[in-house]
Amino acid sequence: MRRREFLSTVGGAAVAAAIGQPASAAGAADPFCFCVAADPHCNDGPGKGMEDLGTGADRLMRVFEHIGALPADDRPDFLLIAGDLHLKGFLPLLPRFPLPVHVTAGNHESSVEDRKALREAFPQDFVRDGKPADYYSFVHKGVRFVGACTAGLGGEHIGTFTSENIQPRGQCEWLEGELSAPEARKVLFTHIPSEREGADREMHLGRNDSRWFNDLVRRTRPEAAFFGHLHRPTSTYRLGGTDVWQVRSCCWNFNGAPIGFLHVRVGPSGLAVREIITGAPRG
Ligand SMILES: [Fe+2]
């Protein structure tokens, strides 16, 4: 029987946890941890009431500092970053990252030049069938991680799976194949969230992409999906058999909400997700 729990507040920092059984109990992986951050906005200067936390680049490095302070048993194998990296500030940080990082493009990486720079910075990831691609997957300890590209051309805030700036053609067919791959456990991550009711709404995938995606997720039941883009406190909801996480930014959030990232433990009975807060605007 499915079990889902939320833990509330610990030590003044918002902490949420959800525990759910994977869509299929078969193929349980070795336990491991990973983390998810969103919207580091590394080009941003100090501001938003968090001048003491430095620039967007400094705030992303705070994520790694918090990861480094975790007990050995909680150390993640890698960090996913769900878009809006701001490449001018982000790419120079790569040599300082203390663990593997996998990223997706956000609407702030929507120029042809940025996509090329991103593919060149992560050549092992941004590959499909041996050729450069804007979307990719990898398998870690038996779990398939699927990094979709939902940011088209021109930086607009409504997302899409199909654009002149998402190469190669055929991402929807690819995603159908990825979510039907043999691994029992799958995790999806991308920048722009699906609209949960399939509505035409700002800051989400377009209406038809949302409806197609939601139906695909209901049919294929990945264990979790992680989105960025919203700059709001992390929220979660259930889409068929999948836990959807809308992850707060680790740089700034609307209405002065704190910044942070997610820690995920992959156990035999499901994912345990908790939030780690890295800062907040001055009161
Ligand atoms: Fe965005």
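**A six-strand sheet and a helix in a predicted model**

In this predicted model, strand β11 (residues 185-190) and strand β12 run parallel and are joined by four bridges. Within this pairing, Leu188 stands opposite Ala225 of β12. The chain gets from β11 to β12 by way of helix α5 (residues 207-220), and the resulting β-α-β crossover is right-handed.

On its other flank, β12 pairs with strand β14 (residues 242-246), again in the parallel sense and over four bridges, and here Ala224 stands opposite Asp243 in β14. In a regular strand the side chains alternate between the two faces of the sheet. Strand β12 (residues 224-227) can be read with that in mind, for Ala224 and Phe226 lie on one side while Ala225 and Phe227 lie on the other, and all are buried, which leaves both faces of the strand covered.

These pairings belong to an open sheet of six strands with mixed pairing, whose order is β9-β10-β11-β12-β14-β13. Because β9 (136-140) and β13 (235-239) stand at the edges and each has a single partner strand, one side of each is left without a neighbour in the sheet. From one strand to the next the twist averages 20 degrees. Strands of a sheet pair through backbone hydrogen bonds, either parallel or antiparallel. The antiparallel sense appears here between β9 and strand β10 (residues 143-147), which pair over five bridges, and one position in this pairing is Tyr136, whose bridge partner in β10 is Gly147.

Elsewhere in the chain, helix α1 (residues 56-68) offers another element to follow: its 13 residues reach 19 Å from the first C-alpha to the last, close to the 18 Å expected at 1.5 Å a residue. The buried residues of α1 are Gly56, Ala57, Asp58, Arg59, Leu60, Met61, Val63 and Ile67. An α-helix has 3.6 residues a turn, so residues three or four places apart point the same way. Among the elements that cover the buried residues of α1 are the strands β4 (32-37), β15 (259-267) and β16 (270-279), together with helix α2 (87-90).

Taken over the protein, the secondary structure comes to five helices and 16 strands, and buried residues make up 43% of the 283 residues. Of the contacts with a separation of 6 or more, 61% are accounted for by residues 24 or more positions apart.

Terms used: Residues numbered from 1 in each chain as written. Predicted model: local features only at pLDDT ≥ 70, side-chain atom pairs only at ≥ 80, totals over all residues. Pairing = 2+ DSSP bridges. Helix = DSSP H or I, 4+ residues; strand = E, 2+ residues; numbered from the N terminus. Axes fitted to C-alpha atoms, helices over the stretch in contact; angles between N-to-C directions. Buried ≥ 20, exposed ≤ 12 C-beta atoms within 10 Å, placed from the backbone. Right-handed = clockwise from strand over helix to strand, strands pointing away. Contact = placed C-beta atoms within 7 Å. Expected span 1.5 Å × (residues − 1).
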